Amino acid sequence: MTIRALAFGALAALAACAPGTGVVSGPGTPTGKTHTEELFVASSRVRCMGVGPRDCMQVRNTPQQEWRLFYDDIDGFTYEPGYDYRLKVQVSELTDVPADASSLNYRLIETIAKTRAKPHR
């Protein structure tokens with residue numbers, strides 16, 4: 001097999017796992033179990049500790065809930081500080097994930113709202 005054929009095969013495999021394709025990216029095997037949920041995302045990230053120190057989004061499912069740390073990424077979503085978001089996401093369950101990885105994969109379906117956060121005084 002030539003290097004060109006190997007490179008083409010690798011690129012094709014990567015493209016199949018790109019966000020927005022409906023294919024779960026990252027480690028793990030999809031179980032086929034999915035559901036949708038609404039997530040509210042806070043306007044600022046906070047320091048958190050996963051495998052190592054990092055910045056985490058703060059999310060909740062309803063405006064009445066307390067914010068919780070969100071260690072995952074949302075495929076297709078680009079976070080911009082200073083904005084509050086209301087998102088509709090598809091959540092897919094995964095099996096065979098590494099011990100330090102999430103058993104859930106999140107994919108953006110729709111940005112329902114994006115509003116500039118009010119300044120804190």
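**A tour starting at the disulfide**

Select cysteine 48 and cysteine 56 to begin: the torsion about their S-S bond is about 70°, so the disulfide is right-handed. Keep in mind while looking that this is a predicted model, and that the values given on this tour are computed from it.

Stay with the two cysteines and show their sulfur atoms, where the S to S distance of the disulfide joining cysteine 48 to cysteine 56 is 1.9 Å. How many disulfides does the count come to? The count comes to one, and the pair now selected is a disulfide.

Next, add a surface and look at each partner in turn. Are cysteine 48 and cysteine 56 buried or exposed? Cysteine 48 has a relative accessible area of 8%, and because the cut-off for buried is under 20%, cysteine 48 counts as buried. Cysteine 56, with a relative accessible area of 0%, is buried as well.

Now select the whole protein chain and switch to a cartoon, in which one helix and seven strands can be traced. Followed along the sequence, the pattern of the chain is α-β-β-β-β-β-β-β, with the helix coming before the strands.

With the whole chain still selected, bring back the surface: the protein chain exposes about 8200 Å², and carbon and sulfur atoms supply 55% of that area. Of the 121 residues in the chain, 25% count as buried.

Finally, display the contacts within the chain. Among those with a separation of 6 or more, 55% are accounted for by residues that lie 24 or more positions apart.

Technical notes
Residues are numbered from 1 along each chain as its sequence is written. This is a predicted model: local features need pLDDT of at least 70, side-chain atom pairs count only at pLDDT 80 or more; totals for chains, interfaces and linings use all residues. Side-chain values use heavy atoms; hydrogens and water are left out. Helices (H or I, at least four residues) and strands (E, at least two) are DSSP runs, numbered from the N terminus. Buried means under 20% relative accessible area, exposed over 50%, partly exposed in between (1.4 Å probe, protein chains only). Contact means heavy atoms within 4.5 Å. Accessible areas come from the Shrake-Rupley method with a 1.4 Å probe; for residues, only the protein chains shown count as cover. A disulfide is a pair of cysteine sulfur atoms within 2.5 Å.
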